[in-house]
Amino acid sequence: MTKNIIDAAQVEQHNASQRAALQADYDALGGMLSRRGVDIEALTAKAQTFGVAVPSWGAGTGGTRFARFPGKGEPRDVTEKLEDCAVINQLTRATPAVSLHFPWDKPSDPKALRQQADELGLGFDAVNSNTFQDQAGQAHTYKFGSLTSTNKASRELAVQHNIDCIELGKTLGSKGLTVWVGDGANFPGQSNLRGALERYIDSAKGIYAALPDDWQMYIEHKLFEPAFYCSVIADWGTSFAVAQTLGPKAKCLVDLGHHAPNTNIEMIVARLAQFGKLGGFHFNDSKYGDDDLDSGSIDPFQLFLIFNELADSQARDGAGFNPSYMLDQSHNVTDPIESLMSSAVEVQRAFVQASLVDRTALAGFQESNDVLQAAQTLKKAFRTDVSPILAMARLRSGGAIDPVAAYRAAGYREQVAVKRPPKAGASGSGIV
């Protein structure tokens with residue numbers, strides 16, 4: 001039986017106070033959708049199938065370039081992070097898995113950690129390696145690169161770390177490894193651009209060879225930072241070329257915040273899906289750069305357009321199309337649990353809205369070059385407020401009608417603030 005972190009009676013009390021209003025809104029939306037030939041019950045059932053993983057590091061307060069302002073009751077180790085992640089899933093019923101980051105989350109007893117996750121009703125998504133910062137006592141530095149370093153010993157250390165992550169992940173029940181490196185250059189001439197990618201591919205082959213048959217390796221690209229002149233894996237083209245070179249278990253991971261302003265991310269999604277190399281997503285939002293803002297907080301229409309392409313690929317490719325979904329955000333001024341809950345709901349919202357697109361009508365307008373009606377077909381789905389569907393899906397799955405309101409009413413943050421006094425050198429985010 002799954003252990004609830006927040007008393008189920010408190011959640012039920014919250015739901016009881018909002019159930020009548022939700023039913024009225026749900027019935028009204030159902031009537032409107034029925035006139036469009038859409039079955040609200042089918043959409044609600046579909047919403048209940050959606051899941052997006054939460055990042056363990058997202059449960060803590062992130063850092064800026066200049067400082068980190070810790071929040072009260074932050075998780076101080078991976079077991080406390082799992083507790084917070086369990087709260088998110090208990091209230092949203094949309095975040096059944098957690099993505100761990102090593103060595104930040106390296107457990108002393110992986111089997112015990114997996115048992116704790118099982119008791120909390122959680123699984124483990126892809127594990128993440130960290131070769132973008134040196135660890136205490138590390139023999140060789142990553143200052144000038146890890147998988148691409150000109151120092152062979154540094155490259156070998158980085159490869160072995162990724163292999164160690166795979167071994168840990170196998171014990172935890174994960175099926176994937178996400179590889180992101182900050183490697184690149186800050187000055188012209190600092191690095192041989194072709195040589196750096198050659199070294200990356202050579203290192204990546206060593207990691208790929210250690211993958212179990214049922215695992216995937218997700219190659220994550222990022223336009224800039226910390227390599228401000230050029231990043232080795234800076235764009236989807238480079239990521240795609242590496243994935244093609246490595247083999248079928250290598251896929252591309254798309255982080256929504258890792259692109260230049262005005263980049264057409266939904267087109268990247270379509271291209272990678274078309275050629276079978278779309279591995280998954282790190283969902284967040286961005287205004288200027290890799291801000292890792294809450295998903296849907298800046299450009300919810302872009303999030304919808306991405307899911308529109310995913311829905312199209314699902315219709316084309318069937319059950320074999322199954323990308324991995326994860327949130328990847330840094331929370332500096334909000335309660336991380338509230339931000340992760342809100343973000344999970346926004347990603348689920350885009351998933352449901354994309355299911356509302358009349359694909360037959362859209363294909364007809366595209367075929368006849370009726371540009372305006374094609375655009376309006378997408379807007380019609382995007383403008384539909386599916387909040388009652390999302391709330392009903394949560395209610396029927398045992399979650400909260402309004403997750404943030406239920407969380408605040410339960411007083412969880414105040415309770416853990418007493419149980420978790422700040423500990424020097426322990427950051428829930430792992431970053432700063």
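**Reading helices, burial and packing in a predicted model**

Reader: In which helix does D84 lie?

Author: D84 lies in helix 3, which covers residues 78-92. Please keep in mind that this is a predicted model.

Reader: How should I decide whether D84 is buried or exposed?

Author: One compares the relative accessible area with a cut-off: under 20% means buried. D84 has 0% relative accessibility, and therefore it counts as buried.

Reader: Which residues surround D84, leaving aside its neighbours within four places in sequence?

Author: With those neighbours left aside, D84 is in contact with A59, P75, I337, Y412, R413 and R420. With one of these, Y412, there is also a polar contact between the two side chains, at 2.5 Å.

Reader: Is S342 buried, exposed or partly exposed?

Author: The class between buried and exposed runs from 20% to 50% relative accessible area. S342 has a value of 34%, so it is partly exposed. This residue belongs to helix 10. Its C-alpha atom is 8.1 Å from that of P403, although 61 residues separate the two along the chain.

Reader: How does one read the length of a helix, for example helix 9?

Author: One sets the distance between its end C-alpha atoms against the span expected at 1.5 Å a residue. Helix 9, residues 300-317, has 18 residues and reaches 26 Å, close to the expected 26 Å. Just after helix 9, G318 takes a positive phi of about 75°.

Reader: What general rule helps in reading the sides of an α-helix?

Author: Residues three or four places apart point the same way, because there are 3.6 residues a turn.

Reader: Which residues of helix 9 are buried, then?

Author: They are Q302, L303, F304, L305, I306, F307, N308, L310 and S313. These buried residues pack against several elements, including helix 8, strand 10, strand 11 and helix 10.

Reader: Which residues touch the most other members of the largest nonpolar core?

Author: A nonpolar core joins buried nonpolar residues through their side-chain atoms. Here the largest one has 107 residues, and Y200, F281, F283, F307 and I389 touch the most other members. Helix 10, residues 336-355, gives the largest share of this core, 10 residues. A second, separate core has 5 residues, among them A53, W57, A97 and W104.

Reader: What does the UniProt annotation say about residues 101-292?

Author: An annotation is a statement from a record. The unreviewed UniProt entry labels this span "domain: Xylose isomerase-like TIM barrel". In the model, the span is 35% helix and 15% strand, and its end C-alpha atoms lie 17 Å apart.

Conventions
Residues are numbered from 1 along each chain as its sequence is written. This is a predicted model: local features need pLDDT of at least 70, side-chain atom pairs count only at pLDDT 80 or more; totals for chains, interfaces and linings use all residues. Side-chain values use heavy atoms; hydrogens and water are left out. A nonpolar core is a set of buried Ala, Val, Leu, Ile, Met, Phe, Trp, Tyr and Cys residues joined through side-chain atoms within 4.5 Å. Buried means under 20% relative accessible area, exposed over 50%, partly exposed in between (1.4 Å probe, protein chains only). Helices (H or I, at least four residues) and strands (E, at least two) are DSSP runs, numbered from the N terminus. UniProt positions are given in the numbering used here, feature names are shortened, and annotations may be inferred rather than shown by experiment. A polar contact is a pair of N or O atoms within 3.5 Å; within protein, one must be able to donate a hydrogen and the other to accept it, and residues adjacent in sequence count only if both atoms are side-chain atoms. Contact means heavy atoms within 4.5 Å. The expected span of a helix is 1.5 Å times one less than its number of residues.
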